[in-house]
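Hi,

Here is the structure I promised to pass on. Have a look at it first, and then read on for my notes on its charged side chains.

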Amino acid sequence: MSTIHPTTHTIDASDQKIGRVASVAAKVLMGKNRVDFAKNKIPAITVYITNASKVAVSDTKKKETIYKEYSGYPGGQKEISMESLISKRGMDAVFKKAIKGMLPPNKLRAQMLKNLVITE
């Protein structure tokens, strides 16, 4: 029986769209590019996204994109624009939201996101 060694995958985000980079990162985090893919297993791979601040985002996209969160209580819906999210938490928060939305909503999603490293 062979052992699987942890590997890394690096994605350069400079001059690319957020969604294109996020979809590649989500596929690699799920392990869909590997021969030993299984839905119930997390591959031992770390995804590095470099140059996240150099991604191609238009000014209108920054102003018009709204992220919504709901706490479950009456009046608990919060809205934040991409522009204010970038100013508060940086571009890595935008990438994490995009990649999180592309991963399956199960118990493994949080563990997959731990294998994601985003550098400005």
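Below is what I found on the salt bridges. One thing to keep in mind is that this is a predicted model.

So how many salt bridges are there? The count comes to 3. As background, side chains of opposite charge can pair when their charged atoms come close.

Let me start with Asp36 and Arg34, whose side chains meet in a salt bridge at 3.2 Å, N to O. Asp36 has a relative accessible area of 42%, so it counts as partly exposed. Arg34 is at 21% relative accessibility and is partly exposed as well. That is just above the range for buried, because buried means under 20%.

Next come Glu79 and Lys68, which form a salt bridge with an N to O distance of 3.9 Å. This pair links distant parts of the chain: Glu79 belongs to strand β4 (residues 77-81) and Lys68 to strand β3 (residues 66-70), 11 residues apart. Both Glu79 and Lys68 are exposed.

The remaining pair is Glu69 with Lys97, where the side chains meet at 3.3 Å, N to O. Here, too, distant parts of the chain are linked, with Glu69 in strand β3 and Lys97 in helix α4 (residues 91-102), 28 residues apart. Are these two residues buried or exposed? Glu69 is partly exposed, with 42% relative accessibility, and Lys97 is partly exposed too, with a relative accessible area of 26%.

If you want to find these in the viewer, strand β3 is a handy place to begin, as it holds both Lys68 and Glu69.

Cheers

Definitions and conventions. Residues numbered from 1 in each chain as written. Predicted model: local features only at pLDDT ≥ 70, side-chain atom pairs only at ≥ 80, totals over all residues. Heavy atoms only, no water. Salt bridge = Lys/Arg side-chain N within 4 Å of Asp/Glu carboxyl O. Buried < 20%, exposed > 50% of the residue type's maximum accessible area, 1.4 Å probe, protein only. Helix = DSSP H or I, 4+ residues; strand = E, 2+ residues; numbered from the N terminus.
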